[in-house]
2 protein chains.
Amino acid sequence: MARATSTRSESSRRRQRWPDGYDPENTRKSLITSALELFEQRGFDRTSVQEIAERATLTKGAFYHHFESKDDLLRHIQEEYLEAQLAAIQRIESGSDDPKVRVAELIRFSLTSVAEYRAHVTIFYQERRNLTADLFAEVTRKRGLVESAFAGMIQDGIARGVFRSDVDPRIATFGLVGMCAWAYQWLNLDGPLSVDEVARQFSAMVLEGLYA
Amino acid sequence: MARATSTRSESSRRRQRWPDGYDPENTRKSLITSALELFEQRGFDRTSVQEIAERATLTKGAFYHHFESKDDLLRHIQEEYLEAQLAAIQRIESGSDDPKVRVAELIRFSLTSVAEYRAHVTIFYQERRNLTADLFAEVTRKRGLVESAFAGMIQDGIARGVFRSDVDPRIATFGLVGMCAWAYQWLNLDGPLSVDEVARQFSAMVLEGLYA
DNA sequence: TGGTTCCTTCCGACCGGACGGTAGCATTAC
DNA sequence: GTAATGCTACCGTCCGGTCGGAAGGAACCA
């Protein structure tokens with residue numbers, strides 16, 4: 001019974017023109033931004049629709065004009081992030097096919113996306129439970145694609161003899177994904193180390209090991 | 001203003017004797033077990049006190065006899081897990097002082113505790129936000145001790161020349177902690193690989209690297 | 001042995017407030 | 001007129017927490 005995405009503004013194909021550069025789409029965006037900040041800080045359940053609207057200097061009425069429900073907004077945020085992830089994966093897969101370059105790129109990309117989409121990532125991992133069952137399944141499926149990309153690259157490296165064969169590609173993948181995903185808990189853009197530098201160190205650790 | 005732990009049953013020093021092996025402490029435990037299961041599945045906010053009580057075939061009244069509040073129960077669960085963590089850290093620190101053995105032990109221990117305390121771990125990471133500010137600070141402090149243990153061991157390894165010096169110990173720590181912590185999302189006790197085997201592979205990857 | 005009192009454990013009815021969502025209306029542009 | 005946008009007022013529900021009391025053992029006294 002997967003009903004199509006249909007908020008009132010999404011279904012409005014014939015758009016009205018507004019004067020003075022005003023665009024209702026900005027209203028929508030400001031609601032999303034407001035929600036991103038609040039969900040990240042307080043969590044989905046502890047944030048009321050009222051608060052989201054107020055932070056965007058609007059009212060609940062406006063919110064429900066742009067979104068079907070609170071869940072609908074969450075879904076939108078999750079999908080926004082997943083689309084960015086999948087797009088990046090494809091970019092990497094169309095680049096170098098050297099396993100070690102690919103793994104390093106994947107680490108770098110993962111950390112970069114954590115830095116760029118910090119709120120999205122936090123919400124993505126913490127609030128998946130709040131999605132409806134079928135939506136959760138869909139999100140998990142897409143998330144699986146990202147992990148498969150990791151696993152495929154490692155598997156490929158093993159097959160070509162670049163990586164050691166006594167490590168299960170799935171386990172290595174979980175380790176890599178975990179290392180990178182966890183960064184949303186600590187990665188500090190204002191810290192002394194750049195994202196690229198952190199990525200370099202992660203790559204060094206995983207590829208060459210900690211031994212001197 | 002750190003008020004001492006004081007639910008009614010904890011403060012009752014002179015215990016009543018009950019016939020037939022009945023012990024009200026079991027009631028308390030069954031409430032905790034019930035909450036662990038529900039919090040893990042649905043999250044703290046989506047679980048009502050009513051549901052917790054009902055799952056233990058009790059009522060809200062009984063719940064509020066054993067716990068001060070819903071938050072009090074969450075605090076109890078968090079502390080239960082942290083105590084176990086800190087105890088294990090001390091055990092490791094009193095063992096071998098070889099950096100590579102210690103790191104391997106720490107990985108093994110982290111994964112084991114994820115397997116053993118699965119619900120606790122899930123709740124710990126997902127529901128920290130729901131603690132009061134000062135309690136959150138306390139939990140974060142204790143959690144910091146665990147991470148310091150990791151960092152100290154790596155630092156020590158670098159100082160002794162066992163580990164490479166171009167990797168920041170803090171970054172390496174975050175990587176290691178992330179790898180292990182993330183396991184709560186996928187580690188499967190019924191899967192083909194034992195926890196020890198997963199730990200071995202993680203250690204191999206981090207210490208020796210993926211290269212063949 | 002029976003009576004009284006106290007304490008622990010648990011029940012069930014209830015309260016106040018917050019929250020998601022709805023309905024109707026005003027405004028503005030086409 | 002019609003459609004999009006946004007506001008105000010309102011509704012029903014659920015939830016954390018409280019309160020008074022019932023059941024029954026323990027402890028003391030006679």
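**Figure 1. Packing of helix 8 in chain B.** In this predicted model, the buried residues of helix 8 of chain B pack against helix 5, helix 6, helix 7 (118–126) and helix 9 of the same chain. The buried set consists of B:Leu135, B:Val139, B:Lys142, B:Arg143, B:Val146, B:Ala149, B:Phe150, B:Ala151, B:Met153, B:Ile154, B:Gly157 and B:Ile158. If you like to check helix geometry, the 27 residues of helix 8 of chain B should span 39 Å at 1.5 Å a residue, and the 37 Å between the end C-alpha atoms agrees with that. After helix 8 of chain B comes B:Gly161, with a positive phi near 80 degrees.

**Figure 2. A salt bridge between two loops of chain B.** Here the side chains of B:Arg160 and B:Asp97 form a salt bridge, with 3.4 Å from N to O. B:Arg160 sits in the loop between helix 8 (133–159) and helix 9 (169–181) of chain B, and B:Asp97 in the loop between helix 5 and helix 6 (99–116), so this pair ties together parts that lie 63 residues apart in sequence. Are these two partners buried or exposed? Neither label fits: B:Arg160 is partly exposed at 43% relative accessibility, and B:Asp97 is partly exposed at 46%.

**Figure 3. The corresponding view in chain A.** A:Arg160 and A:Asp97 also meet through their side chains in a salt bridge, 3.4 Å from N to O. The loop between helix 7 (133–159) and helix 8 (169–181) of chain A holds A:Arg160, while A:Asp97 belongs to the loop between helix 4 (70–93) and helix 5 (99–116), so the pair ties together parts 63 residues apart in sequence. A:Arg160 has a relative accessible area of 44% and is partly exposed; A:Asp97, at 46%, is partly exposed too.

**Figure 4. A salt bridge within helix 5 of chain B.** The closest N and O atoms of B:Glu79 and B:Arg75 are 3.6 Å apart, and the two residues form a salt bridge. Both belong to helix 5 (residues 70–93) of chain B and are 4 residues apart, about one turn of the helix. Why does that spacing suit a pair? An α-helix has 3.6 residues a turn, so residues three or four places apart point the same way. B:Glu79 is partly exposed, with a relative accessible area of 26%, whereas B:Arg75 counts as buried at 15%.

**Figure 5. A salt-bridge network in chain A.** A:Asp72, A:Arg75 and A:Glu79 are joined into one network by salt bridges that share partners. For a wider count, a search of the whole structure finds 37 salt bridges over all chains.

**Figure 6. The axis relating the two chains.** A turn of 180 degrees with a shift of 0.0 Å along the axis lays chain B on chain A with an RMSD of 0.1 Å. This is the relation of a two-fold axis. Within chain B, the C-alpha nearest the axis belongs to B:Gly209, at 1.8 Å from it. Of the interface residues of chain B, 96% are also interface residues in chain A, so the copies meet through the same surface.

**Figure 7. Chain A as a whole.** Chain A contains 9 helices and 0 strands. Of its 212 residues, 49% are buried. Among contacts in chain A with a separation of 6 or more, 67% involve residues 24 or more positions apart. The accessible surface of chain A is about 10,400 Å², and carbon and sulfur atoms account for 50% of that area.

Terms used. Residues are numbered from 1 along each chain as its sequence is written. Chains are lettered from A and ligands numbered from 1 in the order in which they are written. This is a predicted model: local features need pLDDT of at least 70, side-chain atom pairs count only at pLDDT 80 or more; totals for chains, interfaces and linings use all residues. Side-chain values use heavy atoms; hydrogens and water are left out. A salt bridge is a side-chain nitrogen of Lys or Arg within 4 Å of a carboxyl oxygen of Asp or Glu. Buried means under 20% relative accessible area, exposed over 50%, partly exposed in between (1.4 Å probe, protein chains only). The expected span of a helix is 1.5 Å times one less than its number of residues. Contact means heavy atoms within 4.5 Å. Copies are superposed by least squares on the C-alpha atoms of residues with pLDDT of at least 70 in both. Accessible areas come from the Shrake-Rupley method with a 1.4 Å probe; for residues, only the protein chains shown count as cover.
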